[in-house]
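Please work through the exercises below with the sequence and the model side by side. Each task is followed by a solution that goes step by step.

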Amino acid sequence: MPKPEPDRPGEPVHPEETKSVSDRPEETVSYRVVEPVRKPVSDRPGDSDSGGGQKRGKPLNVKLIGGVAAAVVVLVVLFAMMSGPGKVTDRPYTMTDGNSDTYSGLYTGEWDKKNERPNGTGTFVMEDDGGTYEGEWVDGVAEGQGTYTSVEGNGFVYEGEFKNNERSGEGTMTWETEDGKIGTYEGEFKNNERSGNGVVTWTKDGEVTCSYEGEFADDWINGYGIYTWNGQGFQTYEGEVENGKMNGQGTLTYADGSVYEGEFVNGQKNGEGRYTKTDGGVVIENWDHGSKIEKLILENGTYTGTVADGKPEG
């Protein structure tokens with residue numbers, strides 16, 4: 001057991017108890033050593049070891065922990081700089097859409113350094129006049145809100161939601177028609193196609209000439225909806241449509257208020273229909289692919305069939 005150190009504050013040395021043994025034949029000494037009373041470590045202001053001088057305990061631990069923490073921070077920063085997000089300019093990149101079609105071009109924007117792909121927001125200019133996409137990216141694909149602009153000369157622009165490099169969700173598409181009108185579609189998209197419910201309008205010199213609101217499928221007007229024309233002999237059509245034309249059962253309302261209800265084929269009246277005049281009178285009509293079937297009284301009898309200029313056809 002080491003000798004108690006009398007200079008330690010809080011550790012007083014207790015006197016030893018001895019007995020006189022002069023009356024015994026042999027000189028013996030009996031004694032009892034009392035252990036020093038030590039205060040808790042937290043109460044020792046100095047706490048130096050018996051080796052003389054090296055302090056230990058809390059101050060040393062704080063320095064060690066601080067050094068380790070600093071080293072960890074440095075490593076984290078270095079890792080983030082090497083593998084975290086960054087930005088690139090005109091970086092060659094090739095992306096693949098949901099149909100396995102690939103598009104190569106130059107990318108500028110936020111970049112995932114670790115996986116070498118776009119991640120965040122950026123602009124992708126495609127080669128061979130493929131157009132430009134500007135918007136959000138997730139793990140190397142166009143995903144989220146973005147804008148695609150074509151450079152083919154028809155003014156095609158799509159602005160809205162993307163999923164896996166394709167138009168999917170809500171969006172707006174504009175383009176120029178061959179006769180100089182501007183078409184605009186607002187509605188649902190799926191797998192790069194207009195699909196679901198939407199509204200399409202055609203304008204000429206800033207004035208709406210025609211509009212359709214209803215169902216879309218296979219990237220065009222298919223299903224059930226309402227057409228509205230401006231400045232033509234008929235004003236609205238409500239009913240079934242196929243490939244943008246009246247097809248099936250529908251109701252055609254003319255500008256003067258008269259109404260025709262019946263079947264349509266490829267955009268034309270066909271079969272039997274009911275025509276209601278503005279005065280309330282009702283006429284049952286028959287049509288053959290846009291040609292009205294009428295009954296004529298002739299000198300040699302009667303004729304029932306299509307008529308042109310008051311004369312039988314065929």
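The exercises concern a predicted model, and they go from the chain as a whole to single residues.

**Exercise 1. Describe the protein chain by its secondary structure, its burial and its contacts.**

Begin with the elements: the protein chain has one helix and 21 strands. Turn next to burial, where 27% of the 314 residues of the chain count as buried. Finally, take the contacts with a separation of 6 or more, of which 13% are made by residues 24 or more positions apart.

**Exercise 2. Find which residues of the largest nonpolar core touch the most other members, and follow the contacts of Tyr237.**

The largest nonpolar core holds 34 residues, and those touching the most other members are Val200, Ile221, Tyr227 and Tyr237. For Tyr237, set aside the neighbours within four places in sequence; the remaining contacts include Gly225, Ile226, Tyr227 and Trp229, and also Met246, Leu252 and Phe264. Tyr227 thus appears both in the list of core residues and among the contacts of Tyr237.

**Exercise 3. Characterise the largest pocket by its volume and its lining.**

The volume of the largest pocket is about 350 Å³. Its lining consists of 17 residues, and Tyr103, Met126, Gly130, Tyr148 and Arg167 are those that lie nearest the centre. Sorted by class, the lining comprises eight nonpolar, five polar and four charged residues.

**Exercise 4. Classify the aromatic pairs Tyr185–Phe189 and Tyr254–Tyr275 from their ring geometry.**

A search of the whole structure gives 22 aromatic pairs. In the pair of Tyr185 and Phe189, the ring centres are 5.2 Å apart and the planes stand at 85 degrees; an angle over 60 counts as edge-to-face, so this pair belongs to that class. Tyr185, at 0% relative accessibility, is buried, and Phe189, at 5%, is buried as well, because the limit is under 20%.

For Tyr254 and Tyr275, the centres lie 6.5 Å apart and the planes are at 80 degrees, so this pair is also edge-to-face. The pair links distant parts of the chain, since Tyr254 belongs to strand β15 (residues 245–254) and Tyr275 to strand β17 (residues 268–276), 21 residues apart. With a relative accessible area of 19%, Tyr254 still falls under the 20% limit and therefore counts as buried.

**Exercise 5. Decide whether Glu136 and Glu215 are buried, partly exposed or exposed, and place each in its surroundings.**

Glu136 sits in strand β6 (residues 132–138). Its relative accessible area is 35%, between the limits of 20% and 50%, so Glu136 is partly exposed. The C-alpha atoms of Glu136 and Gly120 are 5.6 Å apart, although the two residues are 16 apart in sequence. Beyond four places in sequence, Glu136 is in contact with residues including Gly120, Thr121 and Val141.

Glu215 is located in strand β12 (residues 207–217), and its relative accessible area of 36% makes this residue partly exposed. Between Glu215 and Ser195, 20 residues apart along the chain, the C-alpha separation is 7.5 Å. Among the residues that Glu215 touches beyond four places in sequence are Gly196, Asn197 and Ile221.

**Exercise 6. Examine the backbone angle phi at Glu116 and Asn191.**

As background, most residues other than glycine have a negative phi. Glu116, by contrast, has a positive phi near 55 degrees; this residue lies in the loop between β4 (102–112) and β5 (117–126) and is partly exposed at 41%. Asn191 likewise has a positive phi, near 50 degrees, in the loop between β10 (182–190) and β11 (193–204), and with a relative accessible area of 45% Asn191 is partly exposed.

How values were computed
Residues are numbered from 1 along each chain as its sequence is written. This is a predicted model: local features need pLDDT of at least 70, side-chain atom pairs count only at pLDDT 80 or more; totals for chains, interfaces and linings use all residues. Side-chain values use heavy atoms; hydrogens and water are left out. A nonpolar core is a set of buried Ala, Val, Leu, Ile, Met, Phe, Trp, Tyr and Cys residues joined through side-chain atoms within 4.5 Å. Buried means under 20% relative accessible area, exposed over 50%, partly exposed in between (1.4 Å probe, protein chains only). Contact means heavy atoms within 4.5 Å. On a 1 Å grid over the protein atoms alone, a cavity is a set of points where a 1.4 Å probe fits but cannot get out, and a pocket is an open set with protein on both sides within 12 Å along at least five of seven lines; lining residues have an atom within 4 Å of a point. Grid points are joined across faces, edges and corners, and a volume is the space filled by probe spheres set on the points. Ala, Val, Leu, Ile, Met, Phe, Trp, Tyr, Cys and Pro count as nonpolar, Asp, Glu, Lys and Arg as charged, and the others, Gly among them, as polar. Rings of Phe, Tyr and Trp (its six-membered ring) pair if their centres lie within 6.5 Å; planes under 30 degrees apart count as stacked, over 60 as edge-to-face and the rest as tilted. Helices (H or I, at least four residues) and strands (E, at least two) are DSSP runs, numbered from the N terminus.
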